[in-house]
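Let's take a walk through a protein model together. Have a look at the picture first, and then we'll go through some of its details.

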Amino acid sequence: MEFNTIREIVEEVCHIIWKVLSPIYMPKPTKDDWKKIRKEYKELWNFPNCLGSLDGNAFENKKLDVPKDTPLEDNGEPMPYVIVADEAFALKPYLMRPYSRVSVTGNERNKTFNYRLSRARRVMENAFGILSARWRVFRTVIQVQPNSVDKIVLSACCLHNMLYRSHDYDYYLDDINEESEIGKGLDNLEPLKGNSTQRSFEVRDKYRDYFLSSNGAVPWQYEIVRRGRIN
């Protein structure tokens, strides 16, 4: 079959998978769902008000039912819920990216924030590794248009969630190892262009200050930063 025919078939199948399965296996999160995610990120990854790694446009356009700003600690200033990302993304009030290499040179405070951010991002990296272990399409660059990639990713996530709930899950985790090519589909992403507002910088600085406070710091962060493992 010709490439265009195969592409149309793939897109149609992915569309049907998403249409049928998404209400069951990927419903739109509620405020209670977001609060549960926030609680788990704080307890497991020591990053409060984090909602994971999601499409920033959905936050910006208020398409998701995200709760109102919440203090990072008792009696603190209300802070926005955020998603965590790497340096490929532009800094937004709802999207935290690391401080630049220039900003962390000789600056332990900024390095500490970068460590805490990278630690929270492991959830996304682990999730992509698991997804790639089952669906080989994610082990390399997907040679289709962005709109088609969206359909492939969404349908794969629905199928993964369905199989996870059916307990057909553990057998492929052994495929994830240091020598595998899992994750190469994320390599060499070009940084997104965009100007960050003063509010974006203020939000990031306030998260950094919280991670340096007695309430927000974790005991091992300074040892790791001083070991030189964080740029």
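## Two asparagines in a loop

The loop between α2 and α3 is home to Asn49. Asn49 has a positive phi of about 60 degrees, although Asn49 is not a glycine. Why is that worth a remark? Because most residues other than glycine have a negative phi. Is Asn49 buried or exposed? Its relative accessible area is 0%, so Asn49 is buried.

Asn46 lies in the loop between α2 and α3 (56–60). Asn46, not a glycine either, has a positive phi of about 60 degrees.

## The whole protein

Keep in mind that this is a predicted model. The mean pLDDT of the protein is 84, and 82% of its residues reach 70 or more. There is a weak spot to know about, though: over residues 174–186 the pLDDT is below 50. In the model, that stretch still has 23 contacts beyond near neighbours in sequence. Where pLDDT is low, the predicted coordinates should not be read in detail.

How many helices and strands does the protein have? You can count eight helices and four strands. Going along the sequence, you'd meet them in the pattern α-α-α-β-β-β-β-α-α-α-α-α.

The protein has 231 residues, and 35% of them count as buried. It exposes about 14400 Å², with carbon and sulfur atoms supplying 51% of that area. Now take the contacts with a separation of 6 or more: residues 24 or more positions apart account for 68% of them.

## Where two helices cross

Next, find helix α2 (residues 31–45) and helix α5 (residues 108–134). They pack at an angle of about 120 degrees, and their axes are 10 Å apart. The crossing of α2 past α5 is right-handed. Which residues of α2 meet α5? Tyr41, Leu44 and Trp45 do, and on the α5 side they meet Arg119, Ala120, Arg122 and Val123. Sorted by class, this contact has five nonpolar residues, two charged ones and no polar ones.

## Apart in sequence, and in space

Here are three pairs of residues, with their separation along the chain and their C-alpha to C-alpha distance.

| Pair | Apart in sequence | Apart in space (C-alpha to C-alpha) |
|---|---|---|
| Ile17 and Leu154 | 137 residues | 8.7 Å |
| Thr30 and Pro67 | 37 residues | 9.0 Å |
| Leu72 and Pro48 | 24 residues | 6.1 Å |

Let's see where a member of each pair sits. Ile17 is part of helix α1 (residues 3–25). Leaving out residues up to four places away in sequence, Ile17 touches Ser22, Ser155, Cys158 and Leu159.

Thr30 belongs to the loop between α1 and α2. Its relative accessibility is 37%, so Thr30 counts as partly exposed.

Leu72 can be found in the loop between β1 (70–71) and β2 (78–79). Why does Leu72 count as buried? Because its relative accessibility is 5%, and buried means under 20%. Leaving out residues up to four places away in sequence, the residues that Leu72 touches include Lys42, Met79, Lys206, Tyr207 and Tyr210. Pro48, its partner in the table, is also among the residues that Leu72 touches. And here we get back to the start: Asn49 is another residue touched by Leu72.

Conventions: Residues are numbered from 1 along each chain as its sequence is written. This is a predicted model: local features need pLDDT of at least 70, side-chain atom pairs count only at pLDDT 80 or more; totals for chains, interfaces and linings use all residues. Side-chain values use heavy atoms; hydrogens and water are left out. Buried means under 20% relative accessible area, exposed over 50%, partly exposed in between (1.4 Å probe, protein chains only). Contact means heavy atoms within 4.5 Å. Accessible areas come from the Shrake-Rupley method with a 1.4 Å probe; for residues, only the protein chains shown count as cover. Axes are lines fitted to C-alpha atoms, for helices over the stretch in contact, and angles run from 0 to 180 degrees between N-to-C directions. A crossing is left-handed if the near helix is turned anticlockwise from the far one by less than a right angle, and right-handed if clockwise. Ala, Val, Leu, Ile, Met, Phe, Trp, Tyr, Cys and Pro count as nonpolar, Asp, Glu, Lys and Arg as charged, and the others, Gly among them, as polar. pLDDT is the predictor's confidence in each residue, from 0 to 100.
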